[in-house]
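This briefing walks through one protein model, topic by topic. Please keep the structure in view while reading.

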Amino acid sequence: MTGTILWADDEIDLLKPHLLFLRNRGYEVITANNGRDAYDMALEQPFDLIILDENMPGLTGLETLAMIKQKLPHVPVIMITKSEEENIMDQAVGSKIADYLIKPVNPNQILIAIKKHLHSERLVQERTAQDYRQDFSAISGLINTADSFEAWSELYSRLVYREMELAATDTNMDEMLEMQKTEANAEFGKWVRRNYEGWLADMNLGKGPLMSPRIMPDVVFPLLDKGEKVFFVLIDNFRLDQWRTVRPLLSETFSVDERLYTSILPTATQYARNAIFSGLMPLDIEKLLPSLWVDEDSEEGKNLNESPLIATLLERYRRKDVKFSYNKINDSAAGEKLLANFAQLEGNDLNVIVFNFVDMLSHARTESKMIRELASTNAAYRSLTESWFRHSSILDILRRIASKGYKVVLTTDHGTIRVNSPVKVVGDKNTNTNLRYKLGKSLGYNAKQVFEIKTPGRFGLPSPNVSTAYIFAMRNEFFAYPNNYNYYVQYYTDTFQHGGISLEEMLVPLITLTPKGN
């Protein structure tokens with residue numbers, strides 16, 4: 001049996017052809033000719049779906065709907081009516097109707113509505129699996145042939161789309177996609193090793209992929225030059241899949257322009273975010289603004305100088321007249337305070353807001369067993385991000401910005417990857433603690449397993465010592481010391497880390513939000 005349906009209509013005898021049509025397709029259809037009987041029957045036995053005529057004597061369809069929804073909120077109800085009055089449609093939709101059909105209806109219309117609400121999960125699952133099977137070879141081909149930033153961006157976007165589609169269904173094809181992601185990251189790492197130094201040279205010539213230091217000059221400044229008031233919103237540690245999870249929450253308010261840019265290396269706050277706000281590579285910050293650069297071994301916070309870095313950027317580009325504000329939101333109280341004082345931001349040309357929740361979540365997941373359980377998979381990690389976005393002040397702030405007609409540039413400094421493969425590295429006590437990149441003067445490692453930079457200056461990176469080298473983990477690997485190796489491997493396996501080379505860490509979302517109707 002395909003499903004059990006209750007159909008209530010005061011002219012049910014005239015619907016025998018419709019009933020026969022459904023029964024021939026395996027549905028059990030039980031009928032009632034008034035709302036009261038339909039309500040009583042719905043409470044007496046389980047139904048997969050209920051069809052109600054709106055214009056019945058006694059209890060109307062809307063009244064019956066309200067009564068049924070109070071007792072059986074999970075049962076989908078399809079309303080059929082002769083009326084096209086908008087207020088009736090609004091009442092039905094407001095009562096969480098599953099579907100709304102206008103008479104006369106033919107049997108196929110009914111069948112389509114039933115399939116949509118009874119079998120959509122199975123049908124979507126079958127179609128999703130079929131689509132991925134058809135796309136598998138094409139994705140494999142792209143992995144082997146991608147040789148430009150645009151090609152890798154398209155490939156990564158496609159992988160994220162497939163991952164989110166498969167995660168929403170029970171197709172048992174997740175492992176196959178995970179293998180493709182691992183293969184893609186292996187090839188991406190090789191491509192970055194071959195091309196990264198060239199990107200930096202191209203960036204200074206205004207060519208190559210868009211990178212961290214060019215976000216402000218190339219994306220934000222042109223909007224300011226057009227007289228736009230701009231809110232630059234940076235969500236720390238925010239991946240493309242997380243963005244696409246929250247995008248529907250903004251689609252009613254904003255028109256969305258989505259693109260990707262590449263974070264510089266290391267894909268870590270001290271480097272990538274400071275590069276965004278200064279418009280400079282880390283080595284240039286150290287040379288030109290030594291008081292604003294914080295070394296790896298310093299106990300001082302690595303992102304405490306972002307507001308003065310923005311000021312130096314505006315001055316360097318002869319935009320000292322641009323009035324700006326900088327706010328960092330670390331908790332709900334700070335977000336609520338900013339919202340309460342929103343009027344103070346309206347006089348600025350540029351307002352920069354940094355949200356640290358996602359980065360805090362990734363670190364908490366490493367340290368807290370409970371958070372690790374709540375975000376045990378990429379899908380669960382996305383779900384927690386969506387829940388935060390929906391219920392925190394960020395959504396209210398963005399909606400307030402939209403109501404004022406201001407543009408928003410929403411982005412991040414880097415992404416994060418779930419690691420599960422340790423790579424041994426030896427370092428002295430001054431070696432930094434990050435699991436995806438290391439720098440030091442006496443590192444021991446297998447050069448074939450990492451991307452090594454022995455001349456940091458050529459890559460825009462500072463050298464605390466003459467012999468400083470940087471190494472970066474690739475794919476889903478992380479660095480582990482030989483001391484207490486087994487303990488640390490077990491502790492950090494399946495945690496989310498950043499700082500190295502992967503699609504997830506380097507290719508990150510850059511979104512322009514334009515208020516609808518503006």
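Helices and strands here are DSSP runs, numbered from the N terminus; a helix has at least four residues and a strand at least two. On that basis, P266 sits in the loop between β7 (254-262) and α11. The model is a predicted one. The protein has 518 residues, of which 53% count as buried. It holds 20 helices and 18 strands.

**Overall layout**

- The C-alpha trace spans about 90 × 55 × 40 Å along its principal axes.
- Among contacts with a separation of 6 or more, 73% join residues 24 or more positions apart.

**Largest pocket**

- The volume of the largest pocket is about 1200 Å³.
- Its lining counts 41 residues, and E296, N432, T433, N434 and Y437 lie nearest the centre.
- Two or more lining residues come from each of α11 (269-278), α15 (357-367), β13 (437-440), β16 (477-480), α19 (485-492) and β17 (495-497).
- By class, the lining of the largest pocket has 17 polar, twelve nonpolar and twelve charged residues.

**Second largest pocket**

- The second largest pocket has a volume of about 440 Å³.
- It is lined by 25 residues; E163, E178, K181, N378 and R418 lie nearest its centre.
- The elements giving two or more residues to this lining are α7 (149-167), α8 (174-204), α17 (378-391) and β11 (417-419).
- Helix α8 gives the largest share, seven residues.
- Twelve residues of the lining of the second largest pocket are charged, seven are nonpolar and six are polar.

**Nonpolar cores**

- The largest nonpolar core has 110 residues.
- Y196, F232, F277, F389, L398 and L410 have the most contacts inside it.
- Helix α8 supplies the largest share of this core, nine residues.
- Beyond its neighbours up to four places away in sequence, L410 touches V233, I235, F238, W243, L398, P509, L510, I511 and L513.
- Another core, of 21 residues, lies apart from the largest one, and A38, F47, L72 and I97 are among its members.

**Aromatic residues**

- The whole structure contains 25 aromatic pairs.
- The ring centres of Y488 and Y492 are 6.2 Å apart and the planes meet at 10°, so this pair is stacked.
- The cut-off for a stacked pair is planes under 30 degrees apart.
- Y488 and Y492 are four residues apart in helix α19, so about one helical turn separates them.
- Y488 counts as partly exposed because its relative accessibility is 36%.
- One aromatic cluster is formed by W152, F188, W191, Y196, W199, Y271, W293, Y437, F451, F459, Y470 and F472.
- Two of these names recur: Y437 lies among the residues nearest the centre of the largest pocket, and Y196 is among those with the most contacts in the largest core.

**A buried aspartate**

- D135 belongs to helix α6 (residues 120-145).
- D135 is buried, because its relative accessible area is 7% and the cut-off is under 20%.
- R158 and R162 touch D135, leaving aside residues up to four places away in sequence.

**Helix α13 and the loop after it**

- The buried residues of α13 (residues 306-316) are E306, L309, I310, T312, L313 and L314.
- Their cover includes α9 (215-225), α11, α12 (282-288), β8 (324-329) and β9 (350-355).
- R318, just after α13, takes a positive phi of about 55°.
- K323 lies in the loop between α13 and β8.
- K323 is 94 residues from K229 in sequence, yet their C-alpha atoms are 10 Å apart in space.
- K323 is in contact with G347, N348, D349 and L350, not counting neighbours within four places in sequence.

**Backbone exceptions**

- Most residues other than glycine have a negative phi, and most peptide bonds are trans.
- The K103 to P104 peptide bond is cis, with omega near -5°.
- P104 lies in the loop between β5 (99-102) and α5 (107-118).
- The peptide bond from L265 to P266 is cis, with omega near -5°.
- N237 is not a glycine, but has a positive phi of about 65°.
- N237 is in the loop between β6 (230-235) and α10 (240-246), and is buried at a relative accessible area of 0%.
- R475, also not a glycine, has a positive phi of about 50°.
- R475 is in the loop between β15 (469-472) and β16, and counts as partly exposed at 22% relative accessibility.

Key. Residues numbered from 1 in each chain as written. Predicted model: local features only at pLDDT ≥ 70, side-chain atom pairs only at ≥ 80, totals over all residues. Heavy atoms only, no water. 1 Å grid on protein atoms, 1.4 Å probe; cavity = no way out; pocket = protein on both sides within 12 Å on 5 of 7 lines; lining within 4 Å. Points joined across faces, edges and corners; volume = space filled by probe spheres on them. Nonpolar A, V, L, I, M, F, W, Y, C, P; charged D, E, K, R; others polar. Core = buried A, V, L, I, M, F, W, Y, C linked by side-chain atoms within 4.5 Å. Buried < 20%, exposed > 50% of the residue type's maximum accessible area, 1.4 Å probe, protein only. Contact = heavy atoms within 4.5 Å. Phe/Tyr/Trp six-rings, centres within 6.5 Å; stacked < 30°, edge-to-face > 60°.
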